[in-house]
Number of protein chains: 4
Amino acid sequence: MKGGMKLVRAILENDRFASLTGIKLVKVSEGYALARLRITDKHLNGLDIVQGGAVFTLADLAFAAACNSHGQAAVAINVSISFLDATAGGTLSAEAREVALSSKLSTCVVRVTDRRGKLVALFNGTAYRKKETLAEIRASRGSAARTGARKPKRRAPERRGQRA
Amino acid sequence: MKGGMKLVRAILENDRFASLTGIKLVKVSEGYALARLRITDKHLNGLDIVQGGAVFTLADLAFAAACNSHGQAAVAINVSISFLDATAGGTLSAEAREVALSSKLSTCVVRVTDRRGKLVALFNGTAYRKKETLAEIRASRGSAARTGARKPKRRAPERRGQRA
Amino acid sequence: MKGGMKLVRAILENDRFASLTGIKLVKVSEGYALARLRITDKHLNGLDIVQGGAVFTLADLAFAAACNSHGQAAVAINVSISFLDATAGGTLSAEAREVALSSKLSTCVVRVTDRRGKLVALFNGTAYRKKETLAEIRASRGSAARTGARKPKRRAPERRGQRA
Amino acid sequence: MKGGMKLVRAILENDRFASLTGIKLVKVSEGYALARLRITDKHLNGLDIVQGGAVFTLADLAFAAACNSHGQAAVAINVSISFLDATAGGTLSAEAREVALSSKLSTCVVRVTDRRGKLVALFNGTAYRKKETLAEIRASRGSAARTGARKPKRRAPERRGQRA
């Protein structure tokens with residue numbers, strides 16, 4: 001795995017909401033990513049079907065990996081998602097492919113399929129590519145990020161900032 | 001609270017993914033709902049901003065409450081979401097309003113704002129309204145659902161079914 | 001060409017806004033359609049690039065053909081479109097493929113490409129499938145539709161109706 | 001009317017596809033625009049309801065005016081549109097309001113209503129704001145643009161360029 005991919009992977013493995021959800025990043029390469037989620041009871045909604053938020057979060061992680069795969073930091077600005085079929089449980093896969101890339105924008109299509117290969121959801125995402133690389137953002141966090149000690153005040157300007 | 005709203009609330013309180021995320025349904029009335037999420041470390045992504053999936057799930061719960069508020073079961077078919085601002089943490093609110101309703105479709109706009117009232121995300125959702133009421137779907141689950149004992153085979157046709 | 005396809009084609013050839021725009025329906029089969037538009041000065045916006053509405057209308061005609069290709073009348077309820085590249089003029093092609101179909105909904109992806117095959121726009125559309133077939137709707141128009149004599153009052157209930 | 005608004009208006013009045021469609025820009029101010037379209041036979045589709053492309057083009061012109069209203073050139077990157085009701089003809093109005101603005105992005109909500117004020121379509125658009133102002137883009141077109149004499153070769157690099 002190239003150094004760039006290692007960093008993308010490290011940052012996504014630090015995604016606490018994806019971890020809470022139980023999502024695994026399986027593969028990432030330039031403009032591509034694959035993520036998986038094994039559905040359990042905790043992913044169900046009040047009608048016992050997989051909650052839309054769980055499907056979205058799975059697709060979003062694959063999208064984040066694909067659009068950040070060039071090393072330049074990218075943040076989601078728009079997503080449209082179609083829920084095509086209620087799922088039978090089991091493991092869901094989300095495969096993201098970048099379909100357009102410019103200096104400022106990345107557009108990805110993510111297909112979410114169930115264990116039988118049936119299309120469960122279709123997700124189109126657009127990300128804004130910042131000036132900073134992922135490495136620069138990482139470095140600016142300093143030892144706080146590396147040790148896990150949080151210093152919200154220092155990070156505040158960045159977290160408050162406009163996305164683009 | 002009217003009987004119909006009680007049932008909507010009961011079903012949404014049985015939404016395990018929303019519970020895992022920490023979302024609270026604050027209010028629900030015909031064509032309207034308000035939900036809240038207090039942001040903690042577990043909602044952050046690898047770059048320490050609130051994960052898009054957490055924002056989506058919050059908005060989606062408010063949407064589900066609003067579009068099911070008439071008592072007829074409704075499932076999301078399409079959502080578009082724009083992420084407008086990275087958030088400062090604190091508590092996020094999602095307010096869903098139904099802007100169009102026909103016998104088969106409900107369309108809602110959900111505004112997600114931060115504690116200062118700043119618009120963080122804008123979510124437009126379309127739901128398909130099934131023939132069954134929420135009460136009928138509840139009843140068809142029988143004692144299994146009431147006791148928590150799961151019998152996946154019995155529920156299979158429903159869970160596998162097309163959404164619409 | 002099968003009878004069903006002939007009817008789809010006849011109805012789309014009666015689409016006056018698509019005609020005004022200069023769009024040609026090239027192919028239609030079950031769940032598939034291809035349409036083309038030769039860009040001329042009249043399709044440009046105030047900055048001399050192809051107007052988004054012209055690109056949308058092209059994609060929408062292909063979508064309408066694909067989702068009506070089964071003979072059951074279908075109307076668009078939601079579309080998301082990403083404009084990926086300003087175009088060099090020439091001829092644009094829109095290719096629609098149905099990616100999901102249930103008794104009530106059809107979901108199509110439409111790719112708009114330029115003469116060099118470059119992806120110019122990506123369009124995802126969801127249509128609601130009515131109870132009526134295209135043939136029934138045609139027949140209900142009676143001789144008015146066949147002769148071109150318009151009787152708006154008689155058609156009013158239908159034109160005012162909810163889409164779904 | 002301020003100088004900036006005059007330029008926005010001049011550029012939009014040079015929008016040939018909007019003119020072909022018959023759209024009028026009624027008002028434009030910072031972050032706001034109103035456009036109108038009187039529906040005639042040429043706006044109907046093969047089923048005699050207003051073609052989605054005509055509704056989209058109307059909303060898109062209001063969007064373009066609102067997101068360009070600050071004088072910085074902005075181009076649409078993503079739009080989602082929900083078609084909520086088939087229309088009774090008459091005059092449609094599209095009112096665009098900017099709901100978020102950063103140095104690089106503008107997000108607008110456009111409501112399309114019929115003559116009775118009924119919501120016909122809801123349009124959410126995101127535009128990328130270029131470095132150039134509208135005045136600079138105008139000036140770079142030189143006398144060609146002012147006289148209407150087209151020199152496609154000189155403009156080619158710009159028209160071929162990535163949108164962002």
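1. A good place to start is a single pair of residues: in strand β6 of chain D, D:V112 has D:A121 as its bridge partner. This pair belongs to a longer match, in which β5 (residues 105-113) and β6 (residues 119-133) of chain D run antiparallel and are joined by nine bridges. Please keep in mind as you read that this is a predicted model.

2. Where does this pairing sit in the wider sheet? Strands β5(D) and β6(D) are part of an open sheet of twelve strands with antiparallel pairing. Following the order across it, you pass through β1(C)-β2(C)-β4(C)-β5(C)-β6(C)-β3(C) and then β3(D)-β6(D)-β5(D)-β4(D)-β2(D)-β1(D). The edges are held by β1 (23-29) of chain C and β1 (23-29) of chain D; each has a single partner strand, so one side of each is left without a neighbour in the sheet. On average, neighbouring strands are turned by 20° against each other, direction ignored.

3. Next, look at the helices on this sheet. Helix α3 (residues 52-67) of chain C packs on it, touching β1, β2 (32-38), β3 (72-83), β4 (91-101), β5 (105-113) and β6 (119-133) of chain C, and also β3 (72-83) of chain D. The direction of this helix makes about 45° with that of β4(C). In chain D, helix α3 (residues 52-67) runs at about 45° to β4(D). The strands that α3 of chain D lies across include β3 of chain C as well as β1, β2 and β3 of chain D.

4. Chains A and B are worth a visit too. Strand β3 (residues 72-83) of chain A is mostly covered, with twelve of its twelve residues buried. Within chain A, ten bridges link β3(A) to β6 (residues 119-133), and the two run antiparallel; one residue to find here is A:S80, whose partner in β6(A) is A:N124. Strand β3(A) also pairs with β3 (residues 72-83) of chain B, in the antiparallel sense and over five bridges. In that pairing, A:S82 has B:N78 as its bridge partner.

5. How are chains B and D related? A turn of 180° with a shift of 0.0 Å along the axis lays chain B on chain D with an RMSD of 0.0 Å. The two copies are thus related as by a two-fold rotation axis. The residue of chain B that comes closest to this axis is B:S80, at 3.4 Å (C-alpha). Both copies use the same surface, since 100% of the contact residues of chain B recur in chain D.

6. A note on the cysteines: over all chains, the structure holds zero disulfides. Why is C:C108 without such a bond? The closest cysteine sulfur, in C:C67, is 5.4 Å from the sulfur of C:C108, which is too far for a bond. D:C108 is likewise in no disulfide, with the sulfur of D:C67 the nearest, 5.4 Å away. C:C108 counts as buried at 0% relative accessibility, and D:C108 is buried with a relative accessible area of 0%.

7. Finally, a backbone detail to check. A:D48 is not a glycine, yet it has a positive phi of about 65°. You will find A:D48 in the loop between β2 (32-38) and α3 (52-67) of chain A, where A:D48 counts as buried at 3% relative accessibility. In chain C, C:D48 has a positive phi of about 65° and is not a glycine either. C:D48 lies in the loop between β2 and α3 of chain C and is buried, with a relative accessible area of 3%.

How values were computed: Residues are numbered from 1 along each chain as its sequence is written. Chains are lettered from A and ligands numbered from 1 in the order in which they are written. This is a predicted model: local features need pLDDT of at least 70, side-chain atom pairs count only at pLDDT 80 or more; totals for chains, interfaces and linings use all residues. Side-chain values use heavy atoms; hydrogens and water are left out. A disulfide is a pair of cysteine sulfur atoms within 2.5 Å. Buried means under 20% relative accessible area, exposed over 50%, partly exposed in between (1.4 Å probe, protein chains only). Two strands pair if DSSP finds at least two bridges between them. Helices (H or I, at least four residues) and strands (E, at least two) are DSSP runs, numbered from the N terminus. Axes are lines fitted to C-alpha atoms, for helices over the stretch in contact, and angles run from 0 to 180 degrees between N-to-C directions. Contact means heavy atoms within 4.5 Å. Copies are superposed by least squares on the C-alpha atoms of residues with pLDDT of at least 70 in both.
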